[in-house]
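Dear colleague,

Please find below the structure that I am handing over to you. A summary of what was found in it follows directly after.

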Amino acid sequence: MRAALLIVDMQEMLVPLVWRGEELAVRIAGLARRARENGVPVIALRQIGAPGTDFDPSSPGTRVSALLGLEPVDVVVDKTATDSFYRTGLAGLLVDRGVDTVVLTGLATDYCVDATARAAQSHGLDVVLVADGHAPSADGDPTTGLTAEQVIARHNLLLSTAIHPGGRVRVVPSAEVGFTG
């Protein structure tokens, strides 16, 4: 197994809006440190949009959260869709590094994390979804009546049991994530 840590959309303006965002950022920062110590690449995805929108790439809010403690060796990839692979070059970046497994964290559970997990599988990658390494909106999903905790539990179950071509998804708590460079 050759892994990479993917950190999806942990941006300055989004961390305060999600369930336990600062706590999540600190947990992911710890994973990033462990990844680097084991020679595993750390790749942060950053959602951007058109100038003048909330996701204007020049807006300070779109910067990756300082709480993550990214280092110069880490890579930041801009994206414009929920799927982190869509028109980003992420797949090529992973191929160039010989990665066959992505350790997936970030925001938001029911949008970009879900889409990225499924896309990774479509690219033939195995996914280690960090069970406590992703979060939805702080209010969960009010349209379905699910709390944030329920959204996380539901996606951990759905993604780990989905039949999908390509790689498989395993759900692992952050404390049990092992990195192989």
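Please note that the model is predicted. I begin with one of its crossovers and work outwards from there.

**Strands E5, E6 and E4**

Strand E5, helix H4 (residues 148–161) and strand E6 together form a β-α-β unit of right-handed sense. E5 and E6 (residues 169–172) run parallel and are joined by four bridges. Within this pairing, Leu129 is placed opposite Val171 of E6.

E5 covers residues 126–135, and seven of its 10 residues are buried, so the strand is largely enclosed by the rest of the structure. E5 also pairs with strand E4 (residues 101–107), again in the parallel sense, over six bridges. Two of the opposed residue pairs may help you to set the register: Thr101 stands opposite Asp126 in E5, and Gly106 stands opposite His134 in E5. The connection between E4 and E5 involves helix H3 (residues 109–122), and E4, H3 and E5 make up a right-handed β-α-β unit.

For E4, the burial count is seven of seven residues. Both of its faces are covered: one side carries Thr101, Val103, Thr105 and Leu107, the other carries Val102, Leu104 and Gly106, and all of these are buried.

**Strands E1, E2 and E3**

E4 is also joined to strand E1 (residues 3–8), with which it runs parallel, by six bridges. Here Thr101 of E4 is the bridge partner of Ala3. Thr101 therefore appears in two of the pairings described in this message, since it also stands opposite Asp126 in E5.E1 pairs in the parallel sense with E2 as well, over four bridges, and the bridge partner of Ile7 in E2 is Ala44. Between these two strands the chain passes through H1, and this β-α-β crossover is right-handed.

Strand E2 (residues 42–47) has six of its six residues buried, so E2 is largely enclosed by the rest of the structure. Its two faces are both covered: Val42, Ala44 and Arg46 lie on one side, Ile43, Leu45 and Gln47 lie on the other, and all are buried. You may wish to note that Arg46 and Gln47 are among these buried residues. E2 pairs in the parallel sense with E3 over five bridges, and Val77 in E3 is the bridge partner of Leu45.

**The largest pocket**

The largest pocket holds about 310 Å³ of space. It is lined by 19 residues, of which Ala108, Asp110, Tyr111, Pro136 and Ser137 are the closest to its centre. Which element gives the most to this lining? It is H3, with three residues. By class, the lining residues divide into 10 nonpolar, five polar and four charged.

**Backbone points to check**

Most residues other than glycine have a negative phi, and most peptide bonds are trans. Three places in the model are worth listing against that background.

- The peptide bond between Leu107 and Ala108 is cis, with omega at about -25°. Ala108 lies in the loop between E4 and H3, and Ala108 is also one of the residues closest to the centre of the largest pocket.
- Arg20 has a positive phi, near 50°, although it is a residue other than glycine. Arg20 is located in the loop between E1 and H1, and its relative accessible area of 49% makes it partly exposed.
- Arg87 is not a glycine, yet its phi is positive at about 55°. Arg87 is found in the loop between strand E3 (75–79) and helix H2 (90–96). Is Arg87 buried or exposed? With a relative accessible area of 74%, Arg87 is exposed.

**A contact across the sequence**

Leu17 belongs to the loop between E1 and helix H1 (21–37). Its relative accessibility is 53%, and Leu17 counts as exposed because the cut-off for that class is over 50%. The C-alpha atoms of Leu17 and Ala138 are separated by 6.0 Å, although the two residues are 121 residues apart along the chain.

**Annotation on record**

UniProt, in an unreviewed entry, places the feature "domain: Isochorismatase-like" at residues 3–139. In the model, the end C-alpha atoms of that span lie 32 Å apart, and the span is 28% helix and 25% strand.

With kind regards

Methods:
Residues numbered from 1 in each chain as written. Predicted model: local features only at pLDDT ≥ 70, side-chain atom pairs only at ≥ 80, totals over all residues. Heavy atoms only, no water. Buried < 20%, exposed > 50% of the residue type's maximum accessible area, 1.4 Å probe, protein only. Pairing = 2+ DSSP bridges. Right-handed = clockwise from strand over helix to strand, strands pointing away. 1 Å grid on protein atoms, 1.4 Å probe; cavity = no way out; pocket = protein on both sides within 12 Å on 5 of 7 lines; lining within 4 Å. Points joined across faces, edges and corners; volume = space filled by probe spheres on them. Nonpolar A, V, L, I, M, F, W, Y, C, P; charged D, E, K, R; others polar. UniProt positions renumbered as here; feature names shortened; annotations may be inferred.
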